[in-house]
Amino acid sequence: MEKNSNNYLQKMLICSMLKNNYSGHQLEAGTDEAGRGCLSGPVVAAAVILPPDFYHELLNDSKQLSKANRNILRPIIEKEALAFGVSFINHTEVDQLNVLQASITGMQRSISAMSIIPEYIIVDGNRFKPYKDIPYKTIVKGDAKFMSIAAASVLAKTYRDDFMEKIHTEFPEYNWRKNKGYPTQEHRRAIQEFGITKYHRKTFKLLPTQLKLDI
């Protein structure tokens, strides 16, 4: 019982450390992406504008949350947000743009998909490009510092995971349901045995010796 209480207090402390605003503008959007380091599948980005009084004890960087808690948070974020947007940059476009540009493009598209134009944008990481003359700030590890970026990280992660679980049924031998396309030993062993699929990023180093597309 004491262990569970300690875990709860730790979660409360983490959430209380997240700030709800950087710029002072009420319509401040946080944006983040998921899947940048994967060998297959899309980069998925999200942007979120939260109300000034938003709070949820579970909210944190999506990488620090269990799948169950991410799935609890997603509908709450979507219901409570003043606006949100999600965008997919598929594997082909990742290859065409390179993964950094794909991430930036995805975040910009997710901002464009929102029903409200933000007054200010805060971005997870250290790279971005101007969007419609809206002022912005890049923040390293912003998903562990600001609520709107954390909320965007949850949406990006859950939407991408859903997509990878869907295409797992098409190519179950790669076990994307579990590894989500990341470069695990299991994933790379499957590439070694079965070759690569139409969902793999051909510009990435999938194995020490690059394979040719065989679909």
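Which residues do ring pairs link into a cluster? In this predicted model, the cluster is made up of Phe88, Phe163, Phe171, Tyr174, Trp176, Phe194 and Tyr199. A search of the whole structure gives 11 aromatic pairs, and two pairs that involve Tyr199 make a good place to start.

In one pair, the ring centres of Phe171 and Tyr199 are 6.0 Å apart and the planes meet at 80 degrees, so the arrangement is edge-to-face. This pair joins distant parts of the chain: Phe171 belongs to the loop between H5 and helix H6 (176–179), while Tyr199 lies in the segment after helix H7 (185–194), 28 residues apart. Both Phe171 and Tyr199 are buried. Tyr199 also pairs with Trp176; here the centres are 6.1 Å apart and the planes stand at 90 degrees, so this pair is edge-to-face as well. Again distant parts of the chain are linked, with Trp176 in helix H6 and Tyr199 in the segment after H7, 23 residues apart. Trp176 has a relative accessibility of 0% and therefore counts as buried; Tyr199, at 13%, counts as buried too.

Helix H5 itself covers residues 147–168. Its 22 residues, at 1.5 Å a residue, should span 32 Å, and the end C-alpha atoms are 31 Å apart, in agreement with that expectation. Of these 22 residues, 17 are buried, so H5 is largely enclosed by the rest of the structure.

Charged side chains also meet aromatic rings. The charged end of Arg74 is placed over the ring of Tyr159, 3.8 Å from the ring's centre. Similarly, Arg201 lies over the face of Phe204, with 5.1 Å to the ring centre.

Terms used. Residues are numbered from 1 along each chain as its sequence is written. This is a predicted model: local features need pLDDT of at least 70, side-chain atom pairs count only at pLDDT 80 or more; totals for chains, interfaces and linings use all residues. Side-chain values use heavy atoms; hydrogens and water are left out. Helices (H or I, at least four residues) and strands (E, at least two) are DSSP runs, numbered from the N terminus. The expected span of a helix is 1.5 Å times one less than its number of residues. Buried means under 20% relative accessible area, exposed over 50%, partly exposed in between (1.4 Å probe, protein chains only). Rings of Phe, Tyr and Trp (its six-membered ring) pair if their centres lie within 6.5 Å; planes under 30 degrees apart count as stacked, over 60 as edge-to-face and the rest as tilted. A charge sits over a ring if NZ of Lys or CZ of Arg is within 6 Å of the ring centre and within 35 degrees of the ring normal.
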